[in-house]
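Here's a quick briefing to read with the model open beside you. It goes through the strands, then a helix pair, then the inside of the protein.

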Amino acid sequence: MAANGKPDLYKILGVGKNASDEEIKKAYRRLARQYHPDKNPGDGHAETRFKEVSAAHDVLSDADKRRDYDRGTGPFATAGGAGFDPSAFGGGGFSDILSNLFGGAGGGGTGPGARRPGGAGAGRPRAQRGRDLETEVSLSFEEALEGAQVPLAVPASTPCETCHGSGARPGTRPVVCPVCHGRGVETEGQGLFSMSHPCSRCGGAGTIIEDPCPTCGGTGARRTIKRLRVNVPAGVREGSRIRIAGKGEPGVNGGEPGDLFVVTRVTDSPVFKHVGDHVEVEVPLTVPEALRGATVEVPTLHGRKRLRVAPGTRHGTVQRLRGEGAPRLGGKGNGDIHYRFTIELPKQLSKEQEKAVEQLAKVLDGNPRERLFAGGNGARGGRTEATA
């Protein structure tokens with residue numbers, strides 16, 4: 001305990017009072033690994049330390065709880081300046097205090113606001129967010145480029161029409177769980193701290209269904225096919241993930257619905273290939289075009305253009321048209337089109353072509369490989385013959 005009667009949570013984690021969030025996180029991870037029950041089976045001291053460390057981290061890793069703890073306000077308020085007063089929480093132990101702080105229930109939580117059977121809010125079901133859904137949609141390269149509206153058929157759940165989502169037979173209703181008394185959690189108290197977990201009886205719902213609905217079997221929902229049309233934005237690619245808020249599974253007990261995630265599958269284009277934010281096109285050149293230069297016609301995403309090929313263009317040279325590529329998601333302009341020149345060589349030469357190549361070889365003097373040996377070790381060695 002600290003001098004003012006509060007448990008010294010900083011000392012429990014082995015950090016100073018000015019420790020950063022990252023230092024608190026690192027200290028917690030180190031101690032949690034050291035005292036984890038799985039590494040110390042049957043060791044009561046290690047289990048107690050693990051729970052102390054976990055609860056200390058719960059307070060110090062939360063900015064509001066840490067501020068209240070440092071100031072001695074909120075749940076950590078002092079009583080008339082006499083120091084930390086456990087009785088202010090309706091219980092005499094620090095495990096009861098943490099049970100109230102962390103939403104603990106069952107097993108002796110007696111602080112203000114704890115639900116009791118038959119008390120205020122005892123039968124209130126816990127609202128739960130609906131489950132997220134995911135589906136795939138197939139698009140052509142052009143649809144992905146321009147955007148499209150596509151129909152979807154998504155397997156989903158809808159509230160049961162018989163019980164209107166309650167899960168109970170008409171004329172009945174769910175009752176408060178007798179184990180957790182509607183809280184949805186159970187608390188185990190050991191040592192100074194207590195740990196909460198979902199109720200073993202109701203699974204965290206806070207209520208149980210004694211007489212299930214005959215239509216949905218107590219689930220409160222039925223499986224159906226949800227049909228809708230989705231606007232796919234321009235610029236999506238293979239594997240893009242689009243979030244559609246509120247179109248997932250409906251919430252339970254008034255909870256908000258989940259989201260629908262649409263993953264795009266885009267058919268490859270025979271001409272264009274995505275490379276980062278840009279698209280690339282391979283443009284074949286003949287040997288004369290590469291040697292003496294040329295003006296060639298190339299495809300764009302919306303038509304054709306003419307490019308000037310410089311004399312002496314090498315295989316793999318890239319030219320680009322700025323801002324004429326595919327749209328970037330989020331309306332951030334367009335990427336570029338990269339034109340990669342490749343020099344096409346015939347696999348077999350006719351007699352006429354062989355003569356032309358021989359004549360060209362005589363005209364083009366010099367051996368470009370000589371520079372490989374200039375000043376290098378190979379210049380001093382002897383010649384050997386090798387075959388590939």
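Let's start with an open sheet of three strands, in the order 1-9-8 and with mixed pairing. Keep in mind that this is a predicted model. A second open sheet, this one of four strands, also shows mixed pairing, and a search of the whole structure turns up one cavity of 30 Å³ or more.

**The three-stranded sheet**
- Strand 1 (133-139) and strand 8 (241-244) sit at the edges, each pairing on one side only.
- On average, neighbouring strands here are turned by 25° against each other, if you ignore direction.
- Strand 8 pairs with strand 9 (residues 260-266) through four bridges, in the antiparallel sense.
- If you want a spot to look at in that pairing, try Ile-244, which stands opposite Leu-260 of strand 9.

**The four-stranded sheet**
- Reading across this open sheet, the strand order is 10-11-15-14.
- Its edges are strand 10 (273-275) and strand 14 (318-321), and each of them pairs on one side only.
- From one strand to the next, the twist averages 35°.
- Strand 14 and strand 15 (residues 337-343) run antiparallel and are joined by four bridges.
- Within that pair, Gln-319 has Tyr-339 of strand 15 as its bridge partner.
- As a general reminder, strands of a sheet pair through backbone hydrogen bonds, either parallel or antiparallel.

**Helix 3 against helix 4**
- The axes of helix 3 (residues 44-60) and helix 4 (residues 63-71) come within 6 Å and cross at roughly 100°.
- Angles from 65 to 115 degrees count as roughly perpendicular, so that is how helix 3 and helix 4 lie to each other.
- On the helix 3 side, the contact is made by Asp-58, Val-59 and Leu-60, while helix 4 brings in Lys-65, Arg-66 and Tyr-69.
- By type, the residues of this contact split into three nonpolar and three charged, with no polar ones.

**The cavity**
- How much space lies in the largest cavity? The figure is about 30 Å³.
- Its lining consists of Phe-141, Ala-144, Leu-145, Gly-235, Val-236, His-274 and Ala-326.
- Which helix gives the most to that lining? That's helix 6 (residues 141-146), with three residues.
- In the lining of the largest cavity, five residues are nonpolar, two are polar and none is charged.
- One of the lining residues is His-274, and strand 10, an edge strand of the four-stranded sheet, covers 273-275.

Terms used:
Residues are numbered from 1 along each chain as its sequence is written. This is a predicted model: local features need pLDDT of at least 70, side-chain atom pairs count only at pLDDT 80 or more; totals for chains, interfaces and linings use all residues. Side-chain values use heavy atoms; hydrogens and water are left out. On a 1 Å grid over the protein atoms alone, a cavity is a set of points where a 1.4 Å probe fits but cannot get out, and a pocket is an open set with protein on both sides within 12 Å along at least five of seven lines; lining residues have an atom within 4 Å of a point. Grid points are joined across faces, edges and corners, and a volume is the space filled by probe spheres set on the points. Helices (H or I, at least four residues) and strands (E, at least two) are DSSP runs, numbered from the N terminus. Ala, Val, Leu, Ile, Met, Phe, Trp, Tyr, Cys and Pro count as nonpolar, Asp, Glu, Lys and Arg as charged, and the others, Gly among them, as polar. Axes are lines fitted to C-alpha atoms, for helices over the stretch in contact, and angles run from 0 to 180 degrees between N-to-C directions. Angles under 35 degrees count as roughly parallel, over 145 as roughly antiparallel, 65 to 115 as roughly perpendicular and the rest as oblique. Contact means heavy atoms within 4.5 Å. Two strands pair if DSSP finds at least two bridges between them.
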